[in-house]
Amino acid sequence: DIFYTLTSVFKHTFKDYEIIIIDDGSTDSSVDLIRELAHKNIRLFSKKNEGVSIARNFGVEKANFKYIVFLDADDFWYPNHLENLNVLVETFPTHLWFASSYEKKHSNKLISPMYSPILEKGKSWSGEVSDFFKYSYIDCLAWTSSLCMHKGFFKSLSGFDSRITHGEDTDLWIRAALKEKLVFSNTITAQHNLISSNRSSVVDMKNRN
């Protein structure tokens, strides 16, 4: 839930961040919980429901910082996630997007690491990815909740395409990879929750574009 997700951020070793939460017409008690937290780093914005792409683009417009990271409700960051991304940003200052390895939670009893041939370089490897598409045949190197992007680069790509209702993230990563090299870290710093009933993957097939 949202409390679990936010708690994973509060535990971070890297503290120089702002949290922008977009209430995209939610119908549960999430907004009340966020207001009760009253955390100094949280900025909450509410808008009518227009879909995940418009909500994310709206959040980026509200951001004050130079680099943008995303964290979908129900996903999870380990305490080293932001610190690890910041090391990539500082090590490769001319690059425009970055990502770290992640794991996938299939059930409460089954969690597996992402799979890509790039992991054969070793758990401590990080660097510029020579061929984004070659290394993304099975699991994509770029995943929304493990990625960092320069705000100017995001805006130059026109952000997420609101015409796409399922796979809008993959579309953006393809466009980004065709423009700039990704910097990647093999260190697992995030968890992709595949069992939540509130995820976009639950959208009925007939309602997908």
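Two residues are in contact when heavy atoms of theirs lie within 4.5 Å. Keep that cut-off at hand for the exercises below, which all use a predicted model.

**Exercise 1. Describe the surroundings of Asn-84.**

Solution. Start with the place in the chain: Asn-84 belongs to helix 4, residues 81-91. Next, check the accessibility. The value is 16%, and the limit for buried is under 20%, so Asn-84 counts as buried. Now list the contacts, leaving out neighbours within four places in sequence: Ser-100, Ser-185, Thr-187 and Thr-189 remain. Finally, look at Ser-185 again, since the side chains of Asn-84 and Ser-185 also make a polar contact, at 3.2 Å.

**Exercise 2. Which residues does Ile-42 touch, once those up to four places away in sequence are set aside?**

Solution. First find Ile-42 in strand 2. With a relative accessible area of 16%, Ile-42 is buried. The residues it touches, on the terms of the task, are Leu-6, Phe-10, Ile-19, Ile-21 and Ile-34. For a sense of distance across the model, take Ala-176 as a second point: this residue is 134 residues away along the chain, and the two C-alpha atoms are 28 Å apart.

**Exercise 3. Classify the geometry of two aromatic pairs and say how accessible each partner is.**

Solution. Ring centres must lie within 6.5 Å to pair, and planes over 60 degrees apart make the pair edge-to-face. By this rule the model holds 10 aromatic pairs. Take Phe-45 and Phe-58: their centres are 6.1 Å apart and their planes meet at 85°, so the pair is edge-to-face. Phe-45 sits in strand 2 (residues 42-47) and Phe-58 in helix 3 (residues 52-62), so this pair ties together parts that are 13 residues apart in sequence. As for accessibility, Phe-45 is buried at 18%, while Phe-58 is partly exposed at 24%.

Now try Phe-132 and Phe-133. This pair is edge-to-face too, with 5.4 Å from centre to centre and 90° between the planes. Phe-132 is buried, having a relative accessible area of 8%, whereas Phe-133 is partly exposed at 33%.

**Exercise 4. Where do charged side chains sit over aromatic rings?**

Solution. Begin with the aromatic cluster made up of Phe-70, Phe-154, Phe-160 and Trp-173. Pick out Phe-160: Arg-56 lies over the face of this ring, 4.9 Å from the ring centre. Then turn to Trp-125, where the charged end of Lys-121 sits over the ring at 5.2 Å from its centre.

**Exercise 5. How does the radius of gyration of the protein chain fit that of a compact globule?**

Solution. Take the expected value first: for 209 residues, a compact globule would have a radius of gyration near 17 Å. The protein chain has 16 Å, so the two agree. The extent of the C-alpha trace along the principal axes is about 45 × 40 × 40 Å.

Add the secondary structure, six helices and nine strands. Then consider the contacts between residues at least 6 apart in sequence: 73% of them join residues at least 24 apart. Last comes the surface. Buried residues account for 45% of the 209, and the chain exposes about 11100 Å², with 52% of that area supplied by carbon and sulfur atoms.

How values were computed: Residues are numbered from 1 along each chain as its sequence is written. This is a predicted model: local features need pLDDT of at least 70, side-chain atom pairs count only at pLDDT 80 or more; totals for chains, interfaces and linings use all residues. Side-chain values use heavy atoms; hydrogens and water are left out. Rings of Phe, Tyr and Trp (its six-membered ring) pair if their centres lie within 6.5 Å; planes under 30 degrees apart count as stacked, over 60 as edge-to-face and the rest as tilted. Helices (H or I, at least four residues) and strands (E, at least two) are DSSP runs, numbered from the N terminus. Buried means under 20% relative accessible area, exposed over 50%, partly exposed in between (1.4 Å probe, protein chains only). A charge sits over a ring if NZ of Lys or CZ of Arg is within 6 Å of the ring centre and within 35 degrees of the ring normal. A polar contact is a pair of N or O atoms within 3.5 Å; within protein, one must be able to donate a hydrogen and the other to accept it, and residues adjacent in sequence count only if both atoms are side-chain atoms. The radius of gyration is taken over C-alpha atoms; the globule rule is 2.2 Å times the number of residues to the power 0.38. Accessible areas come from the Shrake-Rupley method with a 1.4 Å probe; for residues, only the protein chains shown count as cover.
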